[in-house]
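Student: Could we go through this model together, one question at a time?
Tutor: Sure, let's pull it up and start with a charged side chain.

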Amino acid sequence: MLLREVEYAKPASLSEALELLAANEGARALAGGQTLINVMKARAASPDLLVDLNGLDELRGIELAPDGTLTIGAMTTYSALLRSAEAKARPILGEVCAQIADVQVRNRGTIGGNVCSNDPTNHLPPLMVAVGARMTIAGRDGEREVPAEEFFLGVYLTAVGPGELLTRITVPPGRKDGFASVTLGADGTCICNAAATVDGTVRVALGCVDAVPVLVIADAPEAVGEAVRAAGLTPPSDVHASSEYRAHLAEVLAIRAAREAAER
Ligand SMILES: Cc1cc2nc3c(=O)[nH]c(=O)nc-3n(C[C@H](O)[C@H](O)[C@H](O)COP(=O)(O)OP(=O)(O)OC[C@H]3O[C@@H](n4cnc5c(N)ncnc54)[C@H](O)[C@@H]3O)c2cc1C
């Protein structure tokens, strides 16, 4: 289906982008377009103005601090992250990005677009919660930082408010991470996924079981199954999986991800 007519702007700086977004109630940021253009074609979203972030070098790049902290620009594509030597400091990031869809989507899709769309089946929201990432949000009045646990508010809804942009994601040092999913075919959409990090306790974030990633904390990998059962999940049912099946998958995948994390 063809797009409805829409205005287009390609700002040359972050401040110009923020001005455009703040001044136009019907404006939407355009990152890789791999979600937004599809929902526009389906008429599920009809912005009046697309503010294209692709000219903003200040939103790209991956920096590795001496202590292992990674700072990733929101407009970093999955492919750029996969190729980055710096991102290998936290190997799970590249490993999970390599599982997202196909080369075309990975070349265009961005880490910022992935978390800002907060599609509950996306790979990165649970991963960001498990690793304890911090999200930097900019508006005309300055910046604020939000922990990933508080960033995801609902389906397609995040802490990024009107007139604001996610500018970067900060990932703390660590290597003991795991990820497990059941997808619709190879590299397909997740029916259920789990990301785990062992850092004293075991942090497991479950995807596809609620509107936002569900964080479960256990004392040890052996206690993860019990912790997931105690969380009392009531996942949605759809044509791909019943609620009961998703709840079962959540437990199995949480244990798998936690074991992978513990064995690293
Ligand atoms: C065929 C296909 C299969 C896919 N399969 C998967 C999959 O298995 N797993 C997965 O995780 N994803 C999958 N995706 C989605 C893909 O990863 C998208 O790239 C991602 O969801 C959105 O990123 P984007 O850069 O394309 O953002 P866009 O589509 O450009 O934007 C998405 C939303 O985020 C907002 N936004 C973007 N950047 C910012 C920012 N910096 N600040 C504030 N708001 C912002 C936009 O305004 C828009 O509302 C698939 C997509 C396709 C087309």
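Student: Is Asp238 buried or exposed, or does it count as partly exposed?
Tutor: A quick word first: this is a predicted model, so local features need pLDDT of at least 70 and side-chain atom pairs count only at pLDDT 80 or more, while totals for chains, interfaces and linings use all residues. Residues are numbered from 1 along each chain as its sequence is written, and side-chain values use heavy atoms, with hydrogens and water left out. Buried means under 20% relative accessible area, exposed over 50%, and partly exposed in between (1.4 Å probe, protein chains only). Asp238 comes out at 38% relative accessibility, so the label is partly exposed.

Student: Which residue does Asp238 meet in a salt bridge?
Tutor: Side chains of opposite charge can pair when their charged atoms come close. The cut-off here is a side-chain nitrogen of Lys or Arg within 4 Å of a carboxyl oxygen of Asp or Glu. The partner is buried, with a relative accessible area of 4%. At 2.9 Å, N to O, Asp238 meets Arg246.

Student: How many salt bridges are there in the whole structure?
Tutor: Some of them join up: Glu95, Glu260 and Arg264 are linked in a network. Another is Arg134 with Glu145, whose closest N and O atoms are 3.1 Å apart. That pair links strand β6 to strand β7, 11 residues apart; strands here are DSSP runs (E, at least two residues) and helices are too (H or I, at least four), numbered from the N terminus. A search of the whole structure gives 12 salt bridges.

Student: What sequence separation does the salt bridge of Glu19 and Arg140 span?
Tutor: Glu19 is partly exposed, with a relative accessible area of 41%. Its closest N and O atoms with Arg140 are 3.2 Å apart. Glu19 sits in helix α1 (residues 14-23) and Arg140 in the loop between β6 (134-139) and β7 (142-147), so the pair ties together parts separated by 121 residues.

Student: Asp52 is buried yet has no salt bridge, so which side chain of opposite charge is nearest?
Tutor: Asp52 lies in strand β3 (residues 49-52). Its side chain makes a polar contact with the side chain of Tyr8 at 2.5 Å. (A polar contact is a pair of N or O atoms within 3.5 Å; within protein, one must be able to donate a hydrogen and the other to accept it, and residues adjacent in sequence count only if both atoms are side-chain atoms.) For charge, Lys and Arg count as positive and Asp and Glu as negative, with His and the chain ends not counted, and the nearest opposite side chain, 4.7 Å away, is Lys10.

Student: With which side chain does the side chain of Asp177 make a polar contact?
Tutor: Asp177 is in strand β11 (residues 177-183) and counts as buried at 0% relative accessibility. Leaving aside neighbours within four places in sequence, its contacts (heavy atoms within 4.5 Å) include Ile92, Val131 and Glu260. The polar contact, at 2.6 Å, is with Arg90.

Student: Why is helix α7 largely enclosed by the rest of the structure, and which residue follows α7?
Tutor: Eight of the eight residues of α7 (residues 124-131) are buried, so the helix is largely enclosed. Among them are Leu124, Met128 and Val131. Next comes a residue with a positive phi near 70 degrees, Gly132.

Student: Which residue in the hairpin of β12 and β13 takes a positive phi?
Tutor: Two strands pair if DSSP finds at least two bridges between them. Strand β12 (residues 190-199) and β13 pair in the antiparallel sense over seven bridges. Just one residue lies between these strands, and the phi near 80 degrees belongs to Gly200.

Student: And in β14, what is the bridge partner of Leu206?
Tutor: β13 and strand β14 (residues 214-218) pair in the antiparallel sense over five bridges. Six of the seven residues of β13 (residues 201-207) are buried, so that strand is largely enclosed by the rest of the structure. Opposite Leu206 in β14, the bridge partner is Val214.
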